Amino acid sequence: MGFHNSTPELKFVCRRNLMLTINIDKNTEKDLQLAVEEAAKLIAEEKREVIDFSSNVDVSADPGHYVIFWEISGEVSDEVLKECCNCLDRSFVDAGYVSSRKVNAIGPLELRVVRKGTFHKILDHYLGLGAVVSQFKTPRCVGPTNNKVLQILCDNVAKNYFSTAF
């Protein structure tokens, strides 16, 4: 970024291994954050908010697709959540993602709404492994090697929606 006196100033782009990618798409943690913020505006109109979120690439079926997990501060109508799902899908603007979605090389994005307390269970899991609560940061992209966290997320899904944006 530059220097402060003679000390280099660094800008951290994203944490290691935190990229959503299936095909030629490359979406970073920042891209995910922006997509969630954009879609969360739709539930803010109902006086609700996204308490926490995470994501995963599901390649168990062909074509693979992105899965976004949301914990929400109350009930939101199915209609609004379907629109949130479409908004999330449209908010990933990486050219590789958009072109892959248009030709169905990447499947429709899936929004999974999890039960209240799910992300607290993830925190408890990490604390059990010796993590310090003040240093804990919710994993934004849950990779295939993080089976326990993915299991906690999947076991607590209350509703799910598939995008119809493309």
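## Helix H3 and its buried side

A residue counts as buried when its relative accessible area is under 20%, and as exposed when that area is over 50%. By this standard, in the predicted model described here, helix H3, which spans residues 95–102, has Gly 96, Tyr 97, Ser 100 and Arg 101 as buried residues. These four cover an arc of only 125° around the axis, and they therefore lie on the same side of H3. An α-helix has 3.6 residues a turn, so residues three or four places apart point the same way.

The face of H3 that is turned away from this buried side carries Ala 95 and Lys 102, which are exposed. The cover over the buried residues of H3 includes strand E4 (27–28), together with E6 and H2.

## Helix H5 and its buried side

Helix H5, made of residues 147–155, can be described in a similar manner, its buried residues being Val 149, Leu 150, Ile 152 and Leu 153. Seen down the axis of H5, these buried residues fall within an arc of 155°, so they line one face of the helix. On the face turned away from that buried side, H5 carries the exposed residues Asn 147 and Asp 155.

Several elements help to cover the buried residues of H5, including strand E5 (50–58), strand E6 (65–72), strand E7 (110–114), helix H4 (118–128) and strand E8 (157–162).

## The pairing of H4 with H5

Two packed helices are described by the angle between their axes and the distance between the axes. For H4 and H5, the axes come within 9 Å and cross at roughly 155°. Angles over 145 degrees count as roughly antiparallel, and H4 and H5 are therefore roughly antiparallel to each other. The crossing in which H4 passes H5 is right-handed.

In this contact, Thr 118, Phe 119, Lys 121, Ile 122, His 125 and Tyr 126 of H4 meet Lys 148, Val 149, Ile 152 and Leu 153 of H5. The residues of the contact divide into six nonpolar, two polar and two charged.

## The pairing of H1 with H2

Helix H1 (residues 29–44) packs against helix H2 (residues 78–91) at an angle of about 155°, and their axes are 8 Å apart. That angle makes H1 roughly antiparallel to H2, and the crossing of these two helices is right-handed.

On the side of H1, the contact is made by Ala 35, Val 36, Glu 38, Ala 39, Leu 42 and Ile 43, while H2 contributes Val 80, Leu 81, Glu 83, Cys 84, Cys 87, Leu 88 and Ser 91. The residues of this contact divide into 10 nonpolar, one polar and two charged.

## Two buried residues

Ile 43, which has its place in helix H1, is buried, with a relative accessible area of 0%. Leaving aside its neighbours within four places in sequence, Ile 43 is in contact with Arg 48, Glu 49, Val 50, Trp 70, Ile 72, Val 76, Val 80, Leu 81 and Cys 84. From C-alpha to C-alpha, Ile 43 and Val 76 are 7.1 Å apart in space, although 33 residues separate them in sequence.

His 65 has its place in strand E6 and, at 10% relative accessibility, counts as buried. Not counting residues up to four places away in sequence, His 65 touches Ile 22, Asn 56, Val 57, Asp 58, Ile 106, Gly 107, Pro 108, Glu 110 and Phe 162. His 65 and Phe 162 are 97 residues apart in sequence, and their C-alpha atoms are 9.9 Å apart in space.

How values were computed. Residues are numbered from 1 along each chain as its sequence is written. This is a predicted model: local features need pLDDT of at least 70, side-chain atom pairs count only at pLDDT 80 or more; totals for chains, interfaces and linings use all residues. Side-chain values use heavy atoms; hydrogens and water are left out. Axes are lines fitted to C-alpha atoms, for helices over the stretch in contact, and angles run from 0 to 180 degrees between N-to-C directions. Angles under 35 degrees count as roughly parallel, over 145 as roughly antiparallel, 65 to 115 as roughly perpendicular and the rest as oblique. A crossing is left-handed if the near helix is turned anticlockwise from the far one by less than a right angle, and right-handed if clockwise. Contact means heavy atoms within 4.5 Å. Ala, Val, Leu, Ile, Met, Phe, Trp, Tyr, Cys and Pro count as nonpolar, Asp, Glu, Lys and Arg as charged, and the others, Gly among them, as polar. Buried means under 20% relative accessible area, exposed over 50%, partly exposed in between (1.4 Å probe, protein chains only). The arc is that of the directions from the helix axis to the C-beta atoms.
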